[in-house]
Amino acid sequence: MSDTNIETATFGNGCFWCTEAIFQQLKGVIKVTSGYSGGQVENPTYKQICNGNTGHAECLNIEYDATKISFEELLEVFWQTHDPTTLNRQGNDIGTQYRSVIFYHNEEQKQTAETYKKQLDESGAFKSPIVTTLEPFVKFYPAEDYHQNYYNDNTGQGYCQFVIRPKLEKFQKNFKDKMKVQ
């Protein structure tokens, strides 16, 4: 694998604990880092993010091998593993930090995301219009260490069992062909 094949996608689709575990299992994904993007505060902390005053979204920085998985395939997982029709909310998580957002790294990602979003809206794939925003990527701040690899390091914890695990099982059922060999 050449470094020239490594690309980055940055998605905000609710709580990063839930979505990190999903993207980690995709073939072609090299590294998933939970963190914050899209705000005005330098080096924000989780506590600051939770207040909803920094403008950041909880998000994932996904490094992937573009010869093994495309940005469009990552978008497919993004759209199907959260509700892109709820403004500043995912389930019980409420606030701008949980907004549905794609931080595009280049014009090609922007165009691909816009086209995909438009096609989904026109097809009626969701009962309500998609509210996902597309924002230019500026800076990503990794979350604190205890947020990284959260599900894998805390599988016995209640939140992981009752919130993350069902989402992960649904993902595994729907995307069997895109999963890494375990």
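Start by selecting asparagine 43 in this predicted model: with a relative accessible area of 58%, asparagine 43 is exposed, because that value is over the 50% cut-off. Show the backbone here as well. Asparagine 43 sits in the loop that joins β2 (29-37) to α2 (46-50). Its phi is near 50°, a positive value in a residue other than glycine, so keep the dihedral display on for the next stop.

Now move along the chain to asparagine 149. Where is asparagine 149 placed? Look in the loop between β8 (140-142) and α5 (150-153). Asparagine 149 also has a positive phi, about 55°, although it is not a glycine. Is asparagine 149 exposed, buried or partly exposed? The relative accessible area is 26%, so asparagine 149 counts as partly exposed, between the 20% and 50% limits.

Next, head for cysteine 59. You will find cysteine 59 in strand β3, which covers residues 57-65. At 1% relative accessibility, cysteine 59 counts as buried, because buried means under 20%. To see what surrounds cysteine 59, leave out its neighbours within four places in sequence and select its contacts. Among them are Thr10, Phe11, Gly12 and Phe16, along with Thr33, Ser34, Gly35, Tyr36 and Ser37. Add Phe103 and Phe140 to the selection too, since both are in contact with cysteine 59.

Keep glycine 12 selected and draw a C-alpha to C-alpha distance to cysteine 59. How many residues apart in sequence are cysteine 59 and glycine 12? They are 47 residues apart in sequence, while their C-alpha atoms are 4.0 Å apart in space.

Now zoom out and colour by secondary structure. The protein has 6 helices and 8 strands. Reading from the N terminus, you will pass the elements in the order β-α-β-α-β-α-β-β-β-α-β-β-α-α. The radius of gyration is 15 Å, close to the 16 Å that the globule rule gives for 182 residues, so the protein is as compact as a globular protein of that length. Along its principal axes, the C-alpha trace spans about 40 × 35 × 35 Å.

A contact map makes a good companion view. Among contacts with a separation of 6 or more, 76% are between residues 24 or more positions apart.

Finish with the surface. About 9,400 Å² of the protein is accessible, and carbon and sulfur atoms hold 48% of that area. Of the 182 residues, 45% count as buried. Then colour by charge: the protein has 18 positive and 23 negative charges, and their mean positions lie 6 Å apart.

Notes: Residues numbered from 1 in each chain as written. Predicted model: local features only at pLDDT ≥ 70, side-chain atom pairs only at ≥ 80, totals over all residues. Heavy atoms only, no water. Helix = DSSP H or I, 4+ residues; strand = E, 2+ residues; numbered from the N terminus. Buried < 20%, exposed > 50% of the residue type's maximum accessible area, 1.4 Å probe, protein only. Contact = heavy atoms within 4.5 Å. Rg over C-alpha atoms; globule rule 2.2 N^0.38 Å. Areas by Shrake-Rupley, 256 points an atom, 1.4 Å probe, with all protein chains shown as cover. Lys, Arg positive; Asp, Glu negative; His and termini not counted. Charge placed at Lys NZ, Arg CZ, Asp CG, Glu CD.
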